[in-house]
Amino acid sequence: MKYNSVFDIIGPVMVGPSSSHTAGAARIGLTARRLFGKEPKWAKIHLYGSFAKTYQGHGTDFALVGGLLGYETDDTRMSKALDAANEKGIAIEFIEDSAKTDHPNTVRLIIGDDKESLEIVGISIGGGKIEIIELNGFELRLSGNHPAILIMHNDRFGAIASVTKILAKHEINIGHMEVNRKDIGKEALMVIEVDQNVDDTILLELKEADHIIQISKIVS
């Protein structure tokens, strides 16, 4: 295995006990909250593989919920996240799912409130690092290590160009970009990792671009 830095080995600054089962889980929960744009009122958490077998002993349960509450990996409140969610009236359900997955540390988070919901699949790949591999049924690869914009749009000519034109005007450099669609002419998803956090004023401008349905962002 190739390591890029010492932090790939020792993991991030965190509340333990495990970089993959605790820190990684917290980052998946936090990414879900950021994509949802607010604190959810309920969450259904499907755990697979190693997560399903050891989630209580390794703190995966409170870490995922801590992320949903907005806690960073080193937040001292992390171990009390389940109590905090209960006090806020957030309904949490853990499901030990027996379905086979490609990675042993896999979780499907379905979160929402009275108006809307969001579904993501995330994996904890070790050292506190994660990948989001699915969002509302769309396949993607999102690390959460860089600022990103996620844009749901109609699969029409000019949609991508209208977005990249706005980013270029504001001198926002694109580090990585991918587009996924379920079918020709239907809804599609742009995932754009950028070099700096994008201001909300630019997001408002992007929302007015051609064929855009919904936008969310992840900040670094």
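Is Phe 94 buried, partly exposed or exposed? I looked this up before anything else, and I noted that Phe 94 is partly exposed, with a relative accessible area of 24%.

**Confidence.** I am working with a predicted model, so I checked the confidence next. The chain averages a pLDDT of 88, and 91% of the residues score at least 70. Residues 1-14 have a pLDDT below 50, although this stretch still has 17 contacts in the model beyond near neighbours in sequence. I leave those contacts aside, because predicted coordinates should not be read in detail where pLDDT is low.

**The aromatic pair.** I searched the whole structure for aromatic pairs and found 1. Its members are Tyr 55 and Phe 94, whose ring centres are 5.6 Å apart and whose planes make 25 degrees; planes under 30 degrees apart count as stacked, so I entered the pair as stacked. Tyr 55 lies in the loop between α3 (49-54) and α4 (60-68), while Phe 94 belongs to strand β2 (residues 91-96), so the pair ties together parts that are 39 residues apart in sequence. For Tyr 55 I noted a relative accessibility of 9%, which counts as buried.

**The sheet that holds β2.** I followed Phe 94 into its sheet and wrote down an open sheet of 6 strands in the order β2-β1-β3-β4-β5-β6, with mixed pairing. The edge strands are β2 and β6 (138-142), each of which pairs on one side only. Neighbouring strands in this sheet are turned against each other by 20 degrees on average, with direction ignored. Helix α4 lies across β1 (42-48), β2 and β3, and runs at about 140 degrees to β1.

I then went through the pairings strand by strand. Strand β3 (residues 105-112) pairs with strand β4 (residues 117-126) in the antiparallel sense over 7 bridges, and the two form a hairpin with 4 residues between them. Within this pairing I noted Thr 106 opposite Ile 123 and Arg 108 opposite Val 121. Strand β4 also pairs with strand β5 (residues 129-135), again in the antiparallel sense, over 6 bridges, and here Gly 122 stands opposite Ile 132. The hairpin of β4 and β5 has 2 residues between the strands, and in it Gly 127 takes a positive phi near 65 degrees.

**Ahead of β2.** Where does Gly 89 sit? I placed Gly 89 in the loop between α5 (81-87) and β2; at 57% relative accessibility it counts as exposed. Gly 89 and Trp 42 are 47 residues apart in sequence, yet their C-alpha atoms are 8.5 Å apart in space.

**The other sheet.** I also recorded an open sheet of 4 strands in the order β8-β9-β7-β10, with antiparallel pairing. Strands β8 (174-181) and β10 (212-218) stand at its edges with a single partner strand each, so one side of each is left without a neighbour in the sheet. The average turn between neighbouring strands here is 15 degrees, direction ignored. Strand β7 (residues 148-154) pairs with β10 over 6 bridges in the antiparallel sense, and Ile 149 has Lys 217 in β10 as its bridge partner. Helix α7 (residues 200-207) packs on this sheet, touching β7 and β10, and its direction makes about 160 degrees with that of β10.

**A charge over a ring.** My last entry concerns Lys 182, which lies over the face of Phe 138 at 4.7 Å from the ring centre.

Definitions and conventions. Residues are numbered from 1 along each chain as its sequence is written. This is a predicted model: local features need pLDDT of at least 70, side-chain atom pairs count only at pLDDT 80 or more; totals for chains, interfaces and linings use all residues. Side-chain values use heavy atoms; hydrogens and water are left out. pLDDT is the predictor's confidence in each residue, from 0 to 100. Contact means heavy atoms within 4.5 Å. Two strands pair if DSSP finds at least two bridges between them. Axes are lines fitted to C-alpha atoms, for helices over the stretch in contact, and angles run from 0 to 180 degrees between N-to-C directions. Rings of Phe, Tyr and Trp (its six-membered ring) pair if their centres lie within 6.5 Å; planes under 30 degrees apart count as stacked, over 60 as edge-to-face and the rest as tilted. Buried means under 20% relative accessible area, exposed over 50%, partly exposed in between (1.4 Å probe, protein chains only). A charge sits over a ring if NZ of Lys or CZ of Arg is within 6 Å of the ring centre and within 35 degrees of the ring normal.
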